[in-house]
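Colleague: I would like to learn how to read the contacts between chains and domains in a model. Could we go through one together?

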Protein chains: 2
Amino acid sequence: MNKQPEITAQTRKNLIDAFWSLYCEKRIEKITVKEITQKAGYNRGTFYEYFTDVYDVLEQIEQFLIPTLNELPPITMPDNNMGMPVDVFLKLYEQNSKYYSVLLSDNGDPAFASKLKNSTKPMLKQAFSRNYDLDPVEFDFILEYVLSGMIGIMSYWFRQDKILPAENLIALMYDVMENGVMKRLSR
Amino acid sequence: MNKQPEITAQTRKNLIDAFWSLYCEKRIEKITVKEITQKAGYNRGTFYEYFTDVYDVLEQIEQFLIPTLNELPPITMPDNNMGMPVDVFLKLYEQNSKYYSVLLSDNGDPAFASKLKNSTKPMLKQAFSRNYDLDPVEFDFILEYVLSGMIGIMSYWFRQDKILPAENLIALMYDVMENGVMKRLSR
DNA sequence: AATTGTCCGACAACGTGTTGTATATTTACA
DNA sequence: TGTAAATATACAACACGTTGTCGGACAATT
């Protein structure tokens, strides 16, 4: 007999949603299986049919979020003469902001930022592969710097409730990537 | 009657050290009070004389690390005509690398990176205060970008076991801050 | 009617935080 | 200076909550 996908998918979703509403409020350490199942309206035992752990829920959510990056690479390739596709990254961030803004916050998961960076790197490496002059080691360091900066500034943007219009943020990011931060900081 | 500082300081240190050796190996969620006290050679109850929680140990460690930033500001001010004091930041990172490299890793605490950034910002704000042209809101965004990038690249440096000489890393960071990343990425 | 998927209740084991107690060390006073 | 009271430090035991698992009930599929 096959599974009943409609049912299990729904229960799974209910459990994930219950977990997420709790995760938005408090640290994962303080979330119990009891709380999740109570919120979702199931028995505690049912939880273990879907997840091994409370942390497993988070991992499954993250594993669902990462591939969305790799699905868009053909479009996200920087134009031949242009710089970083900051607008695409921001759009991606906004699309999944429900999860991104929390996972990348102070109460989030540092491993998620890493997963995000590591998923993006191959794409950017290929896009910039025509530059043979650059030491591949240095290249990785620069990538780590840019991606950390981008994730940092985008998270900050959300934390500040988007006080800056998206266009301004994109322009700002373009500018600091093209010309560095010093010119902008010290006249 | 006064406390016996030598004794309590030693037990506290023993407990913190035991916690840290565990924290280097696994996620904080999986660390129990029992493990810590066993490793340190104390009764489980003794732990609660010093800390309220396993997480309290981490917080106390972080609270000890943050002020070291504020103790060096007179020196860390960027020279009048120079850029970011990247060398000072790197030195600071290296001095506390035992803790920094772990706290800023995938298994670390995202809140620590925030604390680090927020402790550094006022210092940099003052250093760049002569620039009246810049919108203070934009300024904060740029700071968030640079600091995220710096922390990201320095953590990466440690993660890669410092394959790049420190001088090269400093030069690289200076360059991307002065001139941006694009010139270096795409010739 | 039989089989399998989904969910539930109960159980043992473990970890938590607290409270009362023993031992060692400091202080006060003779 | 020597002794007894006071307190600091560490410990053992307790009640409670959470965890992960296992067998069974009920429903849906074939």
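Modeller: Gladly; we will take the symmetry, then the interface between the chains, then the domains. This is a predicted model, where local features need pLDDT of at least 70 and side-chain atom pairs count only at pLDDT 80 or more, while totals for chains, interfaces and linings use all residues. Residues are numbered from 1 along each chain as its sequence is written, chains are lettered from A and ligands numbered from 1 in the order in which they are written, and side-chain values use heavy atoms, leaving out hydrogens and water.

Colleague: How is chain A laid on chain B?

Modeller: Two copies of a chain are related by a rotation about an axis and a shift along it. Here a turn of 180° and a shift of 0.0 Å along the axis lay chain A on chain B with an RMSD of 0.1 Å, using least squares on the C-alpha atoms of residues with pLDDT of at least 70 in both. The two copies are therefore related as by a two-fold rotation axis. In chain A, G180(A) has the C-alpha nearest the axis, 1.7 Å from it.

Colleague: What area do chain A and chain B bury between them?

Modeller: The size of an interface is often given as the accessible area lost when the parts come together. Chain A and chain B bury about 5,100 Å², 64% of it on carbon and sulfur atoms (accessible area with a 1.4 Å probe, summed over both parts). F141(A), Y145(A) and L185(A) supply 17% of the area that chain A buries against chain B, more than any other three residues. In contact terms (heavy atoms within 4.5 Å), 55 residues of chain A meet 55 residues of chain B.

Colleague: How many salt bridges are there between chain A and chain B?

Modeller: The count is 6, taking a side-chain nitrogen of Lys or Arg within 4 Å of a carboxyl oxygen of Asp or Glu. One salt bridge joins E138(A) and R184(B), whose closest N and O atoms are 2.8 Å apart.

Colleague: And what about the domains of chain A?

Modeller: An automatic or database domain assignment sets the bounds: domain 1 covers 5-61 and domain 2 covers 66-185 in chain A. Domain 1 of chain A and domain 2 of chain A bury about 690 Å² between them, 65% of it on carbon and sulfur atoms. Across that interface of chain A the rule finds 0 salt bridges.

Definitions and conventions:
Buried area = accessible area lost by both parts, 1.4 Å probe.
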